[in-house]
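These are my notebook entries on a protein chain whose model I looked through element by element. I began with strands, then turned to helices, a pocket and one chosen residue.

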Amino acid sequence: MAPEDERIALFLDYENLAIGARDGLGVSPFDFGPVADALAERGRVVTRRAYADWSAFDEDRRLLARAQVELIEIPQRLGGSRKNAADIKMAVDAIELAYERGFVTTFAIGTGDSDFTPLMHKLREMDKRVIGIGVQSSTSKLLPAACDEFLFYDRLPGVEGRPVPARPSRRRPTTPAAAPAPEPEPVEPVEPVEPPTQEEAESDGPDPDLATVVTSTLAGLARATDGPVRASTLKRAILRKDPTFDEGDQGFRGFGELLRHLEGRGVLALTPGTAAGDPEVAFPEDTSAEDEAFALFATTVRDLEDSGGGPPQLSGLKDQMRKRDPGFSEKRYGFNGFLSFARAARARDLVTMEWDEGRGDYQLSVY
């Protein structure tokens, strides 16, 4: 579903968010503006509700009222748990809205509490898209995987966090008896930092892991579908794999800018699609470069076989190829990993591959 078609219902476990932002980021009162802006970019917010005992958040209450957020009062009851009362009320209201308002396509749940994981699973079972929102330091690791997309409040544009000073100890300092001044501690020698390996520094530009996520997802979509892969389809597939994915973390202002950067490096190829601003994404059709890569593979295997007196192993072969061509990467040709590239070379009758149980690795040999 395109973002402009989404109708979003926002539910905030406000106490969890406000305390998490205060303790983790030093933000108090909680700034709702970045959350509203992020959701506005994803669709039309038709419901805004926040749950808390508002007697403890007087200033926050006024700010949220100006932002058109409906405040749901969860008073603290004697002999009961205020936290459980807020969680249950918010979960019941979300499920009720999902049944009564079929036009709502997306639920944005603002919390870091893992108790809301079953709610998120149930909403997705009802064919609702779920966006999670939480402060990174106070968000359970179970939550992002339960969402279609997860927004860390810390990373939203406009959030200005600051270091939180350590709370002073309440223990009274004792006055020890006069003691000799401590001797200066010996300075340990600083060990030299080893340079990154070729695997770690595959290329300049964005984080290699970011490029890997994009190319591996594109390769999977290309195998699963017969038609072209659009940029919007690719972005949604990446978010399904990693709901915390955000190209802005690597300095790109949008997903299109990231794709254009990868196109400039020869990793991807973009062509105009049927919809404006949604290009088709594919791997470059440079058969000459691909043939050169497979020729390099076969030549490396042959040379290692001649110099070693026997078939070389698959492990370590990629490093040997990069000694000859530092820019080699199987991902440039649409392969998720080096093993897939080696199997493609076998399918082209360039090499043979046999599994060696004793060594626990493939043995390769040229024809």
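**Entry 1. Strand E1.** I looked up the burial of strand E1 and found that 6 of its 7 residues are buried. The strand covers residues 7–13. I note at the outset that the model is predicted. On one side I followed the pairing of E1 with E2, which is parallel and made by 7 bridges. Within it, Leu10 has Arg48 of E2 as its bridge partner. I then followed the pairing of E1 with E4, also parallel, with 5 bridges. There, Leu12 faces Gly110 of E4.

**Entry 2. The sheet around E1.** I next asked in what order the strands of this open sheet lie. The order is E3-E2-E1-E4-E5-E6, 6 strands with parallel pairing. Strand E3 (70–73) and strand E6 (149–152) are at the edges; each has a single partner strand, so one side of each lacks a neighbour in the sheet. From one strand to the next, I read an average twist of 20°.

**Entry 3. The E6 edge.** I examined how E6 is attached to the sheet. Strand E5, residues 129–134, pairs with E6 in the parallel sense through 4 bridges. I located two positions in this pairing: Ile131 has Glu149 of E6 as its bridge partner, and Gly134 stands opposite Phe152 of E6. Which way do the residues of E6 point, and are they buried or exposed? Glu149 and Leu151 point one way, Phe150 and Phe152 point the other way, and all are buried. I record that Glu149 thus appears twice in this entry, as the partner of Ile131 and as a buried residue of E6.

**Entry 4. Helices against the sheet.** I checked helix H2, residues 33–40, for burial, and found Pro34, Val35, Ala36, Ala38 and Leu39 buried. I then asked what covers these residues of H2. The cover includes strands E1, E2 (44–52), E4, E5 and E6. I turned to helix H5, residues 117–125, which lies across strands E4 (106–110) and E5. The helix runs at about 175° to E4.

**Entry 5. Ile95.** I chose Ile95, which sits in helix H4 (residues 82–100). Why does Ile95 count as partly exposed? Its relative accessibility is 22%, and the buried class requires under 20% while the exposed class requires over 50%. I listed its contacts, leaving aside neighbours within four places in sequence: Leu119, Lys122, Leu123 and Met126. For Ile95 and Leu119, which are 24 residues apart along the chain, I read a C-alpha separation of 7.9 Å. On the spacing of such contacts I note that an α-helix has 3.6 residues a turn, so residues three or four places apart point the same way.

**Entry 6. The 3-strand sheet.** I looked up a further open sheet, with 3 strands in the order E7-E9-E8 and antiparallel pairing. Its edge strands are E7 (229–230) and E8 (269–271), each of which pairs on one side only. E7 joins strand E9 (residues 280–282) through 2 bridges in the antiparallel sense. In this pairing, Val229 has Val281 of E9 as its bridge partner.

**Entry 7. The largest pocket.** I asked how much space lies in the largest pocket. The computed value is about 1200 Å³. Its lining has 43 residues, and those nearest the centre are Arg42, Lys235, Glu247, Gly254 and Phe255. I sorted the lining by type and obtained 20 nonpolar, 6 polar and 17 charged residues. At least two lining residues each come from H2, E6, helix H8 (231–241) and helix H9 (255–264). Helix H8 gives the largest share, 5 residues.

**Entry 8. Totals.** I closed with the protein as a whole. I counted 12 helices and 11 strands in its secondary structure. Of its 367 residues, 40% count as buried. Among contacts with a separation of 6 or more, 59% are between residues 24 or more positions apart.

Conventions
Residues are numbered from 1 along each chain as its sequence is written. This is a predicted model: local features need pLDDT of at least 70, side-chain atom pairs count only at pLDDT 80 or more; totals for chains, interfaces and linings use all residues. Side-chain values use heavy atoms; hydrogens and water are left out. Two strands pair if DSSP finds at least two bridges between them. Axes are lines fitted to C-alpha atoms, for helices over the stretch in contact, and angles run from 0 to 180 degrees between N-to-C directions. Contact means heavy atoms within 4.5 Å. Buried means under 20% relative accessible area, exposed over 50%, partly exposed in between (1.4 Å probe, protein chains only). On a 1 Å grid over the protein atoms alone, a cavity is a set of points where a 1.4 Å probe fits but cannot get out, and a pocket is an open set with protein on both sides within 12 Å along at least five of seven lines; lining residues have an atom within 4 Å of a point. Grid points are joined across faces, edges and corners, and a volume is the space filled by probe spheres set on the points. Ala, Val, Leu, Ile, Met, Phe, Trp, Tyr, Cys and Pro count as nonpolar, Asp, Glu, Lys and Arg as charged, and the others, Gly among them, as polar.
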